[in-house]
Amino acid sequence: MSVTTPMPRDGDLLCYCTDLTVGELRLACEDGRWPLADKIRTGKLCTGCVGDLLYLLRRFGAVAALP
Amino acid sequence: MSSNLSALLSATFYEAGHRHVVELVHQRDEASRRRLASLDLSAWDAGGKLRAEVSVDPRDETLDLDTLLAGHAQGERLMVTFDARYDVRIFPYRPHHYAWLHRRGSASAPLYYAVNAVLGGVPDRIGATALNNFETYVFLRRPVAERYAVLVGNVSRFSTAEAQVFTYYVGGARLTQRVELGPKAHVEVALPEQHDGARLERVEVKALFRLATYVMGRHATSGDLLLYDHMFTYFK
């Protein structure tokens, strides 16, 4: 069975621990501001969003800025 | 949505033929009932295909998964996610969902368990002191079930998860199974109860990021559910 990967939606919550949305991450990557100062622990707390965070950082072209 | 709201995504697994009732908020204070701001339920088949989406009235105290999902399961197991939004002034730590589970017609006792918090279990204000993507479960010396398995689900939207399931046996032997799960996919991994005559002692699940995991035990012949419990963060 094939399942299509959904398109990222700006309003979706990405990190449930730091309240980072997909849109906030996208804008930060586009502006070269990732990682945002108040979201520095994104992906490091419950760790559940790490996979999606890495996927979106690659998609938004900011892998080199990964903390 | 108010910026005061925090979020928690919990997950469990539903199978037809079981009574499965989830408490939205576990509390005993009749004088001041606490409510979630919102709760959205979604259910996914083993391949990660969405089968159901329900916006729940947060004034409800319990959810009957069998009523909500029996028509969507088509005889298959579904991973069920609960996306809760809540006010941190009402829930200083986080809301917990608990659930009551019983196979219809079974003479075995019902099971009561804490629903696994997968996303947002460690809010920034609390901090984290240990990895929680390594989880373990230690079995009783006298086993309560005759067939064990772990249920592993990937709640990611985009990312495939690779996990290793280790089983440890009395005397130190270890077996390894590997699973790869696409977004929202899930699988049951059977755990051999013995290896070279040695009893199963514990199981570990390791992955790059936290997954939805439960240990499940069934009676070998009747299939009655005897154990259903989330795993525990690995400390060493």
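This note goes through a predicted model of a complex of chain A and chain B, point by point.

1. Confidence. The structure is a prediction, and the predictor assigns the complex an ipTM of 0.90 together with a pTM of 0.92. For chain B the mean pLDDT is 91, with 94% of the residues of chain B reaching 70 or more. As a general caution, predicted coordinates should not be read in detail where pLDDT is low.

2. Overall form of chain B. Chain B contains one helix and 19 strands, and the C-alpha atoms of chain B fill a box of roughly 55 × 45 × 35 Å when the box is taken along the principal axes. A compact globule of 236 residues would be expected to have a radius of gyration near 18 Å, and the value for chain B, 18 Å, agrees with that expectation. Of the 236 residues in chain B, 38% count as buried. Among contacts in chain B with a separation of 6 or more, 74% are between residues 24 or more positions apart.

3. The five-strand sheet of chain B. Five strands of chain B form an open sheet in the order β4-β3-β6-β1-β9, and their pairing is antiparallel. The edges are taken by β4 (50–56) and β9 (116–119) of chain B; each has a single partner strand, so one side of each is left without a neighbour in the sheet. On average, and with direction ignored, neighbouring strands of this sheet are turned by 25 degrees against each other. At the β9(B) edge, the partner is strand β1 (residues 5–14) of chain B, and the two pair in the antiparallel sense over three bridges. A reader who wants to check the register of this pairing can look at L9(B), whose bridge partner in β9(B) is L119(B).

4. The four-strand sheet of chain B. A further open sheet in chain B has four strands in the order β5-β2-β7-β8, again with antiparallel pairing. Its edge strands are β5 (62–64) and β8 (111–114) of chain B, each of which pairs on one side only. Neighbouring strands in this sheet are turned by 20 degrees against each other on average, direction ignored. Helix α1 (residues 65–73) of chain B packs on the sheet, where the helix touches β2 and β5 of chain B, and the direction of the helix makes about 30 degrees with that of β5(B). The two strands touched by the helix are themselves partners, since strand β2 (residues 18–23) of chain B pairs with β5(B) in the antiparallel sense over three bridges. Within that pairing, V21(B) stands opposite D64(B) in β5(B).

5. The interface. In the complex, 20 residues of chain A are in contact with 27 residues of chain B. The element of chain A that gives the most to the side touching chain B is helix α2 (residues 50–59), with five residues. Sorted by class, this side of chain A has twelve nonpolar, five polar and three charged residues.

6. The loop between α1 and α2 of chain A. The peptide bond from W34(A) to P35(A) is cis, with omega near 5 degrees, and P35(A) has its place in the loop between α1 (22–30) and α2 of chain A. L36(A) is also placed in the loop between α1 and α2 of chain A. Is L36(A) buried or exposed? L36(A) is partly exposed, because 14 other C-beta atoms lie within 10 Å, a count between the limits of 12 or fewer for exposed and 20 or more for buried. L36(A) and L20(A) are 16 residues apart in sequence, while their C-alpha atoms are 9.7 Å apart in space.

7. Backbone angles to inspect. Most residues other than glycine have a negative phi, and most peptide bonds are trans. Against this background, D19(A) has a positive phi of about 60 degrees although D19(A) is not a glycine, and D19(A) is found in the loop between β1 (13–15) and β2 (20–21) of chain A. With 19 other C-beta atoms within 10 Å, D19(A) is partly exposed. In chain B, D196(B) likewise has a positive phi, near 50 degrees, in a residue other than glycine. D196(B) lies in the loop between β15 (194–195) and β16 (198–207) of chain B, and D196(B) counts as exposed because there are 7 C-beta neighbours inside 10 Å.

Key: Residues numbered from 1 in each chain as written. Chains lettered and ligands numbered in written order. Predicted model: local features only at pLDDT ≥ 70, side-chain atom pairs only at ≥ 80, totals over all residues. Contact = placed C-beta atoms within 7 Å. Nonpolar A, V, L, I, M, F, W, Y, C, P; charged D, E, K, R; others polar. Pairing = 2+ DSSP bridges. Axes fitted to C-alpha atoms, helices over the stretch in contact; angles between N-to-C directions. pLDDT = per-residue confidence, 0-100. Rg over C-alpha atoms; globule rule 2.2 N^0.38 Å.
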